[in-house]
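Trainee: I would be grateful for a close look at a single part of this model, a helix and the sheet on which it packs. Please set out the surroundings of that part as well.

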Amino acid sequence: MNYTHRLATPEDSQAIAPLWAGFASERANIDPSMKLKPNFDYEKYVSYQLNKPLSYCYILETQINNQTQIVGCIFIYFYDEAPPPTLPAEFLEEHELENPFLPRRIGSVLGMYVQPEHRQPENIQLLANTAIQKAQEMEVSDIDLLIAADQKGIQALLKRSGFTPTAVQFSKHYEILPNTNSPNLHPPHPELDVPEPPLPGAIPLRDPKTNELVYNNQDKPVFIYPITDNNGELIKTSKGLPIYPTPLRDPQTQDWVFDVNGELVVSPIFKDDKGEIFEHQGMVQFHPPSYKMQGGKLVLEKDDAGNYLFLDVERDSQGNIVLSPEGLPIFKQNSLS
């Protein structure tokens, strides 16, 4: 069985979600103090992680029954212990007082999971090497990992890759009764640089690398607006929640994508043949973007006029929308080969 890997996109959230549920379950079994939330939405969690700045996910794929399936993943993230250059002087002094060590540029792993039947050493090594290569690309000074004591295989792999054990973590769990009036453990924090939204419900867009506000060619902050109908009324989910479109990110740079007019490009919402919003398990579905290989790299596909292309839904011989066994719409294959 041949395996490949690639950088995940937000469109992979649904396929990655059960893997991350498996990771969380194994993590809870290792550490009894880590208790899973009931009915946790792993798909929304994965989508959130994929859209966070300086957060990346690489997936392991293989062919099963002539279909490409995601069988493993590794989430990594990066941060700088040095204060940002825009930090006000009063907070810079506080930062210096709290940190006796020289700041580092850190790469870390949120978690890695491979389905048990695909846990060959070479697959684990493939994901680990990919994460290390990304850390080197980001020019980190250190890679910090937290490994369970009984994960001897991972420990041996890391030692072969030049890692050294630096600490042993101990933990002790205390049960706290619900509704206990415990002391507040949340420190005060400065006001966030959130601009005044031009319309109710608008969310400011931030740079995926720096978390700073994104500005358009008119030097105004860019916002994501909830979807409305032709009369300007909010289109809501079956639970009465507003719907926000999914902005496109460049698969190479992870930057937000803008069209030739400087407008933010978002995925169009998917509607059924009755014009109704299509939902699956409470999640609104969108048309995924089309990708192609260009110069050996995965890029977003555009038409001759420079408009970004999105995939249409598959239909059967009677013209009905084709759904997967799980009830999700199946979109046509793009030009990726």
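**Helix α2 and the sheet beneath**

Mentor: In this predicted model, the element with the lowest mean pLDDT is helix α3 (residues 89-98), at 73, whereas strand β4 (residues 105-114) has the highest, at 96. Over the chain the average pLDDT is 87, and 94% of the residues score at least 70. Where pLDDT is low, the predicted coordinates should not be read in detail.

The helix of interest is α2, which spans residues 42-51 and has Tyr-42, Glu-43, Val-46, Gln-49 and Leu-50 as its buried residues. These residues lie on the same side of α2, because the arc that they cover around the axis is only 125°. An α-helix has 3.6 residues a turn, so residues three or four places apart point the same way. The cover over the buried residues of α2 includes α1 (13-30), β2 (55-64), β3 (67-80), β4 and β9 (283-284). Glu-43 also takes part in a contact at the start of α2: its backbone nitrogen has a side-chain oxygen of Asp-41 within 3.3 Å.

Next comes the sheet. Five strands form an open sheet in the order β1-β2-β3-β4-β5, and their pairing is mixed. The edges are held by β1 (3-7) and β5 (142-144); each has a single partner strand, so one side of each is left without a neighbour in the sheet. From one strand to the next, the twist averages 25°. β4 and β5 run parallel and are joined by three bridges. In this pair, Ser-108 stands opposite Asp-144 of β5. Helix α2 packs on the sheet through contacts with β2, β3 and β4, and the direction of α2 makes about 50° with that of β3.

One of the elements that cover α2, strand β9, leads to a further region. The loop between β9 and β10 contains Ser-290. With a relative accessible area of 4%, Ser-290 falls under the 20% cut-off and is therefore buried. The side chain of Ser-290 makes a polar contact of 2.6 Å with the side chain of Glu-301.

After this loop, strand β10 (residues 291-294) runs antiparallel to strand β11 (residues 297-300), and four bridges join the two. Within this pairing, Lys-292 has Val-299 of β11 as its bridge partner. The two strands form a hairpin with two residues between them, and Gly-295 in the turn has a positive phi of about 60°.

Note on methods
Residues are numbered from 1 along each chain as its sequence is written. This is a predicted model: local features need pLDDT of at least 70, side-chain atom pairs count only at pLDDT 80 or more; totals for chains, interfaces and linings use all residues. Side-chain values use heavy atoms; hydrogens and water are left out. pLDDT is the predictor's confidence in each residue, from 0 to 100. Two strands pair if DSSP finds at least two bridges between them. Buried means under 20% relative accessible area, exposed over 50%, partly exposed in between (1.4 Å probe, protein chains only). The arc is that of the directions from the helix axis to the C-beta atoms. Contact means heavy atoms within 4.5 Å. A polar contact is a pair of N or O atoms within 3.5 Å; within protein, one must be able to donate a hydrogen and the other to accept it, and residues adjacent in sequence count only if both atoms are side-chain atoms. Axes are lines fitted to C-alpha atoms, for helices over the stretch in contact, and angles run from 0 to 180 degrees between N-to-C directions.
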